[in-house]
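Subject: Structure for your review

Dear colleague,

Please find below the structure that I am handing over to you. A summary of what was found in it follows.

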Amino acid sequence: MIADQTLRMAADRRNLLVGAACSPHLIAREPEYVQTLAREFNCLVAENCMKAAYVQPERGRFDFGPADRLVAFAEENRMRVRGHTLVWHNQMPEWMKTAGFSREEALGVMRDHIRGVLAHFKGRVFCWDVVNEALADGGGWRTKSPWFQMIGPDYVEAAFRFAREADPDVLLFYNDYGMDQPGSKADECYRMVRDFLDKGVPIDGVGFQYHLGVENHLDRSACAANVRRFRELGLAVHFTEMDMGIRKPITDELRSQQASEYANRVGIALDAGVSALVFWGFTDKYSWVPSFTKGEYDEPLLFDSSYRPKPAWKAVFDALAS
Ligand code: XIL
């Protein structure tokens, strides 16, 4: 591969961020992982180590060791860091969700968590997924979230206000899945952020996760229009967690279908003015997809398990370079 054929260079030429989720323990132990990540991406996100369970394992005791190593790696390689995530119903430490907090106490816990994390990373992380996945699949709030149960639906806007208080400069994002295509969840999210803007709740952007299997052929113009309406509110949009599992048995035909679907997604992003394209990992050696789908899907990313670029890599590169 010649040096100017990297995703990173193609993205730099467009003034776009192209990122990947990654883990500090793999950076520490695997040279090919490190080389690929630094060569191909100008942005990274912590796949897990910035989540509440890791950064505040006990009340008031923050542990930023692994996340700091990740941020140091990004700085050494001139990569931007997306922060993921402050308030989410998953990967919360036990103490945060089981202590039976009153509404007021839970608001205090949330504020202290947001303050602690934002103060620590100030100036080194350029945006945060302040709230992740607050909406239910069928529309409406995800009422089973411990945050919803402890505080009520206004926990989402409270989180954004606390985040802005803690850091006036960092960009604040709402992030979710299932709104990648037009539909009730996308509409719900649109209403929510429009309402936030009307009320003066501080929000800068929306993250569309784009975890979708290869069988989901996306209508480029309909999806671009779905995303563009958020841009028209004045918000930034990032695609935050792209991957594309292939249902087994996997064939070369499915691999090339994956490549053209990836190109289609990049086309949606470019059409809609998306400013960051982040993949949920980069090598098929390490992806959450096989375990999340109980072995039904695999090979979701741009590099194979030996770090060779796949047809999907070529398709994404060509779409960015075109
Ligand atoms: C996933 C990680 O990839 C896994 O390693 C972990 O076990 C669970 O979380 N939506 C999100 C991400 O916002 O944080 C999730 O990441 C995938 C779904």
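For the angle between a helix and a strand given below, axes are lines fitted to C-alpha atoms, for helices over the stretch in contact, and angles run from 0 to 180 degrees between N-to-C directions. Please note that this is a predicted model.

The fold. Eight strands form a closed barrel in the order 1-2-3-4-5-6-7-9, and their pairing is parallel. On average, neighbouring strands of this sheet are turned by 25° against each other, with direction ignored. Strand 1, residues 17-22, pairs with strand 9, residues 276-279, in the parallel sense over four bridges. Within this pair, Gly19 is found opposite Val278 of strand 9.

The helix across the strands. Helix 12 spans residues 252-272 and lies across strand 7 (236-242) as well as strand 9. Relative to strand 7, helix 12 runs at about 165°.

The ligand. Which residues are closest to the ligand? They are Glu47, Lys51, His84, Glu241 and Trp280, out of 13 residues that surround the ligand. Two side chains approach ligand oxygen atoms: an N or O atom in the side chain of Lys51 is 2.8 Å from an oxygen atom of the ligand, and a polar side-chain atom of Asn48 lies 3.0 Å from an oxygen atom of the ligand. On the side chain of Glu133, a polar atom lies 3.1 Å from a nitrogen atom of the ligand. Of the 410 Å² of accessible area that the ligand has on its own, the protein covers 78%.

Yours sincerely

Notes. Residues are numbered from 1 along each chain as its sequence is written. This is a predicted model: local features need pLDDT of at least 70, side-chain atom pairs count only at pLDDT 80 or more; totals for chains, interfaces and linings use all residues. Side-chain values use heavy atoms; hydrogens and water are left out. Two strands pair if DSSP finds at least two bridges between them. Helices (H or I, at least four residues) and strands (E, at least two) are DSSP runs, numbered from the N terminus. Contact means heavy atoms within 4.5 Å. A residue is near a molecule or strand if one of its heavy atoms lies within 4 Å of it. A polar contact is a pair of N or O atoms within 3.5 Å; within protein, one must be able to donate a hydrogen and the other to accept it, and residues adjacent in sequence count only if both atoms are side-chain atoms. Accessible areas come from the Shrake-Rupley method with a 1.4 Å probe; for residues, only the protein chains shown count as cover.
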